[in-house]
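Me: I am new to this structure and would like a close look at one part of it, namely how the copies of the chain are arranged, followed by any unusual points in the backbone. Please take me through it step by step.

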Amino acid sequence: MVSFTIEEIKTILQGKLKGNTSQIITGLDELKNAKRDQITFIRSKKFACLWDTSNACVAIVNETLDIEPGPDRAFIMVKNADFAMSKLLEEFGLEDPVFDIDIHPTAVIHESAIVGVGSKIGAGCYIGKDVVLGDSVVLYPNVTVFDDSVIGNNTVIWSGTVIRERSEIGSDCIFHNNVSIGADGFGYLPNEDGRGLWKIPHIGNVIIGNGVEIGANSCIDRAKFSSTILGDGCKIDNLVQIGHNCKLGRFCIMAGSSGLAGSVTLGDGVVIGGSASIKDHVTIHSGATVAAGSGVMNDVPAGKTVLGYPACDSREMLKQWVTLRKLAK
Amino acid sequence: MVSFTIEEIKTILQGKLKGNTSQIITGLDELKNAKRDQITFIRSKKFACLWDTSNACVAIVNETLDIEPGPDRAFIMVKNADFAMSKLLEEFGLEDPVFDIDIHPTAVIHESAIVGVGSKIGAGCYIGKDVVLGDSVVLYPNVTVFDDSVIGNNTVIWSGTVIRERSEIGSDCIFHNNVSIGADGFGYLPNEDGRGLWKIPHIGNVIIGNGVEIGANSCIDRAKFSSTILGDGCKIDNLVQIGHNCKLGRFCIMAGSSGLAGSVTLGDGVVIGGSASIKDHVTIHSGATVAAGSGVMNDVPAGKTVLGYPACDSREMLKQWVTLRKLAK
Amino acid sequence: MVSFTIEEIKTILQGKLKGNTSQIITGLDELKNAKRDQITFIRSKKFACLWDTSNACVAIVNETLDIEPGPDRAFIMVKNADFAMSKLLEEFGLEDPVFDIDIHPTAVIHESAIVGVGSKIGAGCYIGKDVVLGDSVVLYPNVTVFDDSVIGNNTVIWSGTVIRERSEIGSDCIFHNNVSIGADGFGYLPNEDGRGLWKIPHIGNVIIGNGVEIGANSCIDRAKFSSTILGDGCKIDNLVQIGHNCKLGRFCIMAGSSGLAGSVTLGDGVVIGGSASIKDHVTIHSGATVAAGSGVMNDVPAGKTVLGYPACDSREMLKQWVTLRKLAK
């Protein structure tokens, strides 16, 4: 088990020490749960009052807070307690599961596929025709990659994920379990005789940039023509639906169970809250935020926050909610 | 790469030529994205104004529109531009991934299972006891089919999908990645002593008609008794939940992230918008539409459109929204 | 096929017979669908009126109902028709698929893993380093369990499910298809230079109690530090999202497509309706109910029912809905 002295943690975080203790630190937890050998963190005044009753004897504290640790306890004062805590998590972190064999003999890899240097392919994986894996790609057991797909260097794909044909995936991505990339988009037309539905072919693909993370059981459909695109650095949570022909800019965030219908465009740095859903062909411009649970039916200007169903400016929606509450009384 | 002359496309679409160009066409895209060698489409006046600035030199145009292509450019005039475009996508479309071996040696197939003529079973598939696969069924790698299930001719099942025991699946269906068919329905009763919950056994199954498509990571639970039923031609998008004992008529459409609680009945041709959810035991009659994001708590008459949460007649709900917006000002 | 006489069913359910018939019973169905050889059930007056037109000739009836079966038909009078029906389902139920071989030769099991007595591991499963499986654990084909995870006695895990490293799972649990346990939580911080996002390491794990059931394609993320916890007897439906660091008490119920953001706390016996979603860091106290489709932004006191978006006391929300409906007219 990893452990650190206060001095070591101070050095890692490049912080200043206030008070002192000889306690060895073996982990982290929040103020109310931390044990004596766990370091905790205080990011604002709101949390400072919990310090006295906490079992922890060391905390990472935002340097703007004017509090004292007390006897035999210590604070490590830093610019940004959240960021420092996150850095420390990395130090305490365990490595991802390691492979005994780089390419497991039960993996089925088409002879035409190209596998880069240092890549690892787990048991039960399937790699189709003309697939290209970059260097140091990791496919955990039971991943399926179909024909003509390309996966960039250092990308890690967890078990159960399926990459359909012709997908282009960047470097340094992480795809969690049971993700579906590149399945047919959802599109039908009434048959010419008015009876039944005619499936629109989806001949496009999915293109995913570098540094993209996709949560477990999320789905990104391929385009009708051209591509469904996720820009560099997008972070997608679990159970998220991204329809055919959507285009996401760089560093967009979509929280759990949210969804984009077909042909939605997100600018850069757009944030979509949990369980929110966006109508087809809507554009949400850069820096805009859609609050959790909202249903968006119209374009959202850059930098704006929208809320509610149907979503509108968040302050207006709050007013509507207050108005209705008063009227009902 | 597939390519066509204007004359060839005219013949495929049985359209009329207006203007002309010798440009060879290698793909499709929408007006604002199409390159010089891509054909585009103009379905209404709204889009016609984008033609002048488009890089495309050929468009499929609804014959009711009175516009001219201009010099060295051409229109192929058709009855229904959407349908024609969809037909053309099929011509440009690539084939699904092909199997080098029909039955992969790593697939585990119970000796009692029956596999029809021309069926293909990918690497890592599991086929249980007494399973019956029709002719020309395709199971891509890592599909799991449990005991006593039956799958009809030409049905295609993509990787990661799991078909639980006793499921009956029709012909010409497509199931995308990581679908779950026939898991236990969700039902519990408080224990007789009032402590804890007692699991209600679900001894029924799932019956799926012909020509049904089911999106990635969607779930259809089996019935408590009798069957959860999807009629012929139903089209289900990604991440859709269909609870135990639901009965869907023919050609119902459920968009992404929508859900039916237990024992919901849909008539024929019902459309459920994205992220909409329907309360248990509700009936939505034939031809009705539930708008995206709605929460339906009561039966919906045939042909009606409902909207909102709680969902009501869509015009009424729009009035409510307008009323509240005005009152808040 | 299993079948029972009326006398046998009476004995199983410890009920009283009213009327009689020699009909052999081969299954169950509801009043309007039951055939002559199927038993049905009448739990309240509302359903009693359907008896005359039902094809069934035997029904399980709540003993408080004052109705007569009629000639050559019979009632089995019981305290709780729902519970009796559920017991009978168990008698008619079929066994889960059986394994011909306990440990399938295509399963890849790390040499350091410990497999308890009578456990079964299906084709294509992967069991990582230092995994511990208790006795009589069943892993159906194509399950993936990562390093250092522990699974208790009698737990059944269906195909496609992935258990990530360090997960601790109790006894007598059922996980359905394509479940994801223990993937990284969703957390990022803006980089110190203000450009892009920095991934917060999630070094915690998931701890799941005894008797927990998790529906198909549901996701439970692991904690940033310490653990995401589900108490004994929790029942989670399909496509449910449970974020990092959530803590669920005992016997909580979450219906289909519902979701908890990060660090949500549920007391004991909390019920979350279908498609409902809960904001991060919210606490819902024991015995509270969140109605289907609600969006909860604030703590909910014990035993209270909340409804709507934003969720509030259910009677207040109903008043708001009525008020708005009136105003719009």
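Reply: In this predicted model, chain B is superposed on chain C by a rotation of 120° with 0.0 Å of shift along its axis, and the RMSD is 0.1 Å. That is the relation of a three-fold axis. The copies meet through different surfaces, because only 14% of the interface residues of chain B are also interface residues in chain C.

Turning to the backbone, most residues other than glycine have a negative phi, and most peptide bonds are trans. Against that background, the bond that joins Tyr309(A) and Pro310(A) is a cis peptide bond with omega about 0°, and Pro310(A) lies in the loop between β36 (305-307) and β37 (312-313) of chain A. In chain B, the peptide bond from Tyr309(B) to Pro310(B) is likewise cis, with omega near 0°, and the loop that holds Pro310(B) runs between β36 (305-307) and β37 (312-313) of that chain.

Chain C offers two residues to examine for their phi angles. Phe251(C), although not a glycine, has a positive phi of about 55°; this residue sits in the loop between β27 (247-248) and β28 (253-254), and its relative accessible area of 26% makes it partly exposed. Ser275(C), also not a glycine, has a positive phi of about 65° and is placed in the loop between β31 (271-272) and β32 (277-278), where Ser275(C) counts as partly exposed at 24% relative accessibility.

Definitions and conventions. Residues are numbered from 1 along each chain as its sequence is written. Chains are lettered from A and ligands numbered from 1 in the order in which they are written. This is a predicted model: local features need pLDDT of at least 70, side-chain atom pairs count only at pLDDT 80 or more; totals for chains, interfaces and linings use all residues. Side-chain values use heavy atoms; hydrogens and water are left out. Copies are superposed by least squares on the C-alpha atoms of residues with pLDDT of at least 70 in both. Contact means heavy atoms within 4.5 Å. Helices (H or I, at least four residues) and strands (E, at least two) are DSSP runs, numbered from the N terminus. Buried means under 20% relative accessible area, exposed over 50%, partly exposed in between (1.4 Å probe, protein chains only).
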